[in-house]
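User: Hello! I am new to this structure and would like to understand the labels people attach to it. Could you take me through them?

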Amino acid sequence: MASRKKARSEESLVNVAVIAAIREPLTYRVPKPLDVVPGQRVIVPLGNRKAMGVALEPVARIAEGLKPRDILRVVDPEPVLSPELLTLGLWIADYYMAPIGEVFRAMLPLGAETRHTRVVRLTEEGKRRLEEFKSSLLAEVREGEESAFLGYVKTHPTVTLETLRRKFAGSGRKLLTQALDMGWVTIHQVEREGRKTLAVSLAGQPPGASIPTPQRRPSAVAARILEALRAQRTVADHRALLRSTRGSLAHLRKLEQEGLIELAETRTNRSLKRNPEDALSQGEKDSHFAVPKKNGNVMQSPAEAAEIAEPSWELTASQSSALEMLGRQLEANKFSVFLLHGVTGSGKTEIYLRLAERCLDLGRSALLLVPEIALTPMLQAQFTERFGGRVAVLHSGLTEAQRRDEWWRVWRGEAQMVLGTRSAVFSPLENLGLVVVDEEHDGSYKQQETPRYHGRDVAIIRARLAKALVVLGSATPSLESYWNAQQGKYQLLTLNQRVAGRRLAEVEIIDMREEFRETHSKVPVSRQLQEEIELQLATGGQTMILLNRRGYAWFLLCRSCGEAITCIHCSISLTYHRREHRLICHYCGYATKVPTQCPACGSEHLYYIGEGTEKVEDKLRDLFPGAKVERLDRDVASRPGHYLRVLSDFRERKIDILVGTQLIAKGHDFPGVTLVGVVSADMGLRLPDFRAAERTFQLLTQAAGRAGRGDAPGRVLVQTFYPEHYAIRLAADQNYPGFFSKEMGFRRVMHYPPITALVNVIAQDEKLDQAARVAYQLGEFIKRIADPKKVRMLGPNAAPLARIEGRYRIQILLKASSRSILNQVVRYMTEECDRHHIPPRSVLIDVDPVNIM
Ligand SMILES: [Zn+2]
Ligand SMILES: [Zn+2]
């Protein structure tokens, strides 16, 4: 008895965040001779499979009667996550109510899953059965589904379960179950082969020679691949190319056969020593752009390179004093947050660069977060120019291998400066001294899938753990940040002047109601905007036209029954894209042919309603036949070569008019732009979201900020049907403080953030009644436990987007003036879910939502 007790106390136990949708850590035993340190990845048994996890703190005791299972293997020789990052992960799981394993999965770009895959193989019995089918006298047996299924497995001896399901969609599950029951096939767990990387280049010609053109007209995908290669010549990793061109390996093989491209296997030099699990990573889904790289440097056009080489501006007085203030804070080595509110063109980037330089000189590391890096090649170029190999770039446009390489470079301390998007906040930087969040108001910092963290807010927590300085920069700060500054939580620094003595652009509002009364024309470009574009063309100025909808028409409407054609998976109308001649869902990507008849009533009276970027582009070409018109939106950005070329052509003034979505309003610096026209500026105002006015104000201010960045002054024309709306009026005056106080009044009356804390709970299911049942149950539970004076509940109601990707969504909005009370209520609610075996994926919890659609 005594000896058993002793053996027990010698047992070492450790909590593990298992990479799975499990809310809490699980406790495992560390068998001898294993030694586990917090932050190491481990392989553990989970149910009847193996899973990866991150080791957390040791556990002294476990509840009587529970028998912890043994850790199977330790993956990393040294911890991959520092104590600081472990603490950060635990904070995220707690604050955002996210399953802890999902948090660590998001933090590690290393491929958290084991790289096993399930392969289906034919048994002897299966082979015999296939022979019987094949020799049957009945054609329906010989050519039947079962025969085809077994035949496919026979000819594809390494086919995976997933491929088979895809291949035999519909009947696949039934066929597989039957084949397994009858013992015709077995499933084997095998190690996945290390994936090959192929370098892709245009065929055979020396650089500069003419490029072979295909004999026949290439398919749309093939054309995109060739176009991307013409811009880049060689792509080192075929997966980047396939992602950006939406192609497959088969397309590449076909082009190779046709002699148009060449494929070569490459052996990338990965840091395998420290990275034994060479598995797939979970990429971010926020954007799908790849920026081509050459020898680690960002591709630049000669004009861009020349511009970077220019000596930087002499600092304005407000730049200098801001920099001095921030520099002192940096040296003080303590946590503090500054909100740098600088008008567009006031030179915030230069402050970041100098501050980062000083931080590195002090022997500390620096992190700079930006919303969408692949879209701002200039910024990347500036940082690589200034910091060379000391800067690592982390964003979703990189291939998995590139991301991993960069991550390990940071981990080994080779790079002390990280420039990246949202998830770069988890970079394994040691001794962090400075965190900059540029365009801190941007909604893309909020992750829209579990864990639903806000990159800016996590950055602040991380800086607090590291005792680092935080700089939040924006020309249009979020209400949250400006409010925090007013409350004294952050310190406010203001840059009121543009660099080089430039003035802010003049903004004029055009009332489109009046325009329509006078012209009865449906042309989206008003007479005044046309005249001013004409003037720019005559005087050599460049024009940007912004509107917030890509595609050709907003939707296709049936005049007989009044129905718009909607997505089959989402409750949203499909957008017409004329170049592809398809209707596309902007939520789930579903695309379909344009019907000739209304699917609801069969009528042929279908009409296109509203104008998107494609249509305005066409219209401008009609109106100004002599001008060079180009378009930049997400559709264009999915072709990286083309995207970068449009950007550099516009910068080199080879384009007169650039039409685009908010992509063109973000951060770019085009000195030749003297006119910005905003078409349907008010579209966002009609959305049922409490941030609608804030977003409209931000968009218009940012758009106006693109004009007059060179020596000539800029002009901005804003077309709207709501000229008296305060978001539009105050954006036209570029009056941020005015907007802030007006909007805060609305938030106060309506009890919305930043006055209150907000959590959005969405029950979702493929079946509407199931989603409704769960939402009702949770609503009743909250009513029981929460004090209605302290926690306000709106709902359960159908979410504004009542169905997305085939799932119905019922929403409960919870507001409270005390965040700790609100979070406690939601925590009790998750425990209630666990008691009733409601899985985490059925209940989305969005803490501090930026989007309540
Ligand atoms: Zn109809
Ligand atoms: Zn959809």
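Analyst: Gladly! Glutamate 617 and arginine 631 form a salt bridge, with their closest N and O atoms 2.7 Å apart. This pair links distant parts of the chain: glutamate 617 lies in helix 21 (residues 613-623) and arginine 631 in strand 27 (residues 629-632), 14 residues apart. Helices (H or I, at least four residues) and strands (E, at least two) are DSSP runs, numbered from the N terminus. The model is predicted: local features need pLDDT of at least 70 and side-chain atom pairs count only at pLDDT 80 or more, while totals for chains, interfaces and linings use all residues. Side-chain values use heavy atoms, with hydrogens and water left out.

User: What makes the contact between aspartate 457 and arginine 456 a salt bridge?

Analyst: The term asks for a side-chain nitrogen of Lys or Arg within 4 Å of a carboxyl oxygen of Asp or Glu. The side chains of aspartate 457 and arginine 456 meet at 2.9 Å, N to O, so the pair qualifies. The structure holds 48 salt bridges.

User: Is aspartate 457 buried or exposed, and how do you know?

Analyst: Buried means under 20% relative accessible area, exposed over 50%, and partly exposed in between (1.4 Å probe, protein chains only). Aspartate 457 has 19%, so it counts as buried. Its partner arginine 456 is buried as well, because its value is 5%.

User: Why is lysine 628 called partly exposed?

Analyst: Its relative accessible area is 38%, so lysine 628 falls between the two cut-offs. Lysine 628 meets glutamate 630 in a salt bridge (3.0 Å, N to O). Glutamate 630 is buried, because its relative accessible area is 15%. Elsewhere, salt bridges that share partners join Arg578, Arg579, Glu614, Glu617, Asp618, Arg621, Arg631 and Asp633 into one network.

User: What makes the site of the zinc ion (ligand 1) tetrahedral?

Analyst: Cys558, Cys561, Cys598 and Cys601 coordinate the zinc ion through their SG atoms at 2.3 Å. Donors are N, O and S atoms within 2.8 Å of the metal (3.2 Å for Na, K and Ca), and water is not among the atoms, so sites may look incomplete. Four donors count as tetrahedral if all angles lie between 85 and 135 degrees. The angles among the 4 donor atoms here are 105 to 116°, so the label fits. For comparison, the ideal angle for four tetrahedral donors is 109.5 degrees.

User: Where do the donor residues sit in the sequence?

Analyst: They are spaced C-x2-C-x36-C-x2-C. Cysteine 558 is in strand 22 (residues 555-558), and cysteine 601 is in the loop between strand 25 (591-593) and strand 26 (606-609), 43 residues apart. Cysteine 558 is buried, because its relative accessible area is 1%. Cysteine 601, at 41%, counts as partly exposed.

User: How many disulfides does a search of the whole structure find?

Analyst: The search finds 0 disulfides, a disulfide being a pair of cysteine sulfur atoms within 2.5 Å.

User: How do you know that the span of helix 2 agrees with its number of residues?

Analyst: The expected span of a helix is 1.5 Å times one less than its number of residues. Helix 2 (residues 83-95) has 13 residues, so it should span 18 Å; its end C-alpha atoms are 18 Å apart, which agrees. Its buried residues include Leu85, Leu88 and Ile92. Just after helix 2, methionine 97 takes a positive phi of about 50°.

Technical notes
Residues numbered from 1 in each chain as written. Chains lettered and ligands numbered in written order. Tetrahedral: all angles 85-135°; square planar, octahedral: opposite > 155°, others 65-115°.
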